[in-house]
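Work through these short exercises with the sequence and the 3D view side by side. Try each task before reading its solution.

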Amino acid sequence: MAINPIDPQSGNRMSQLRRSQRVCLRLPIIVLREGPGTNVAPEETNTLIVSAHGALIQLALAVEVGQRLIIKNKKTLEELVCRAVTLGSDELGKRQVGVEFEVPNPRFWQIAFPPSDWSPRGPDAKAPTPHSPPARLPLRKASGVPPVAEKKLVDKT
């Protein structure tokens, strides 16, 4: 049976099949793609979504599913080998590319992922807090004289 990513029921099954939590996170990276011969084409870009197993990134570089890439975390300068696993549609010269690490590495992004058994419906999850309006500053009592004029009067006496 094929899983339809648009069908909400099969979407639930897809989320159960996920190996790690996904986090929307924009991090600067450099993607290196080996070209013909020994040419290497680098591209500076950002992540859109990260997980312990890879990321969703936006690339202008032409890549194919299964192609090996190197992702370099610009903050730590750490590099990991990955492969392109999904290709999105081309928008304004860039394409969303899903990449998967050859070896899962939850520490590569320098964030703490929720545990694998975490659920927003779990007993340890916090209940949503009710929205309260922002605190207001106390209003100053209006006197007939503007504050600047009051200061001038005080300075003269």
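**Exercise 1.** Is threonine 45 buried or exposed?

Step 1. The model is predicted: local features need pLDDT of at least 70, side-chain atom pairs count only at pLDDT 80 or more, and totals for chains, interfaces and linings use all residues. Residues are numbered from 1 along each chain as its sequence is written, and side-chain values use heavy atoms, without hydrogens and water.

Step 2. Apply the cut-offs: buried is under 20% relative accessible area, exposed is over 50%, and partly exposed lies in between (1.4 Å probe, protein chains only).

Step 3. Threonine 45 has 8% relative accessibility, so the residue counts as buried.

**Exercise 2.** Which backbone oxygen lies 2.6 Å from a polar atom of the threonine 45 side chain?

Step 1. Go to strand S3 (residues 40-51), where threonine 45 sits. Strands are DSSP runs (E, at least two residues), numbered from the N terminus.

Step 2. The oxygen belongs to glutamine 58.

**Exercise 3.** Place leucine 87 and list its contacts beyond four places in sequence.

Step 1. Leucine 87 is in strand S6.

Step 2. Its relative accessible area is 32%, so leucine 87 is partly exposed.

Step 3. Contact means heavy atoms within 4.5 Å. Leaving aside neighbours within four places, leucine 87 touches Val63, Glu64, Val65, Arg95, Gln96 and Val97.

**Exercise 4.** How far apart are the C-alpha atoms of leucine 87 and leucine 59?

Step 1. Along the chain, the two residues are 28 residues apart.

Step 2. In space, their C-alpha atoms are separated by 9.9 Å.

Definitions and conventions: Helices (H or I, at least four residues) and strands (E, at least two) are DSSP runs, numbered from the N terminus. A polar contact is a pair of N or O atoms within 3.5 Å; within protein, one must be able to donate a hydrogen and the other to accept it, and residues adjacent in sequence count only if both atoms are side-chain atoms.
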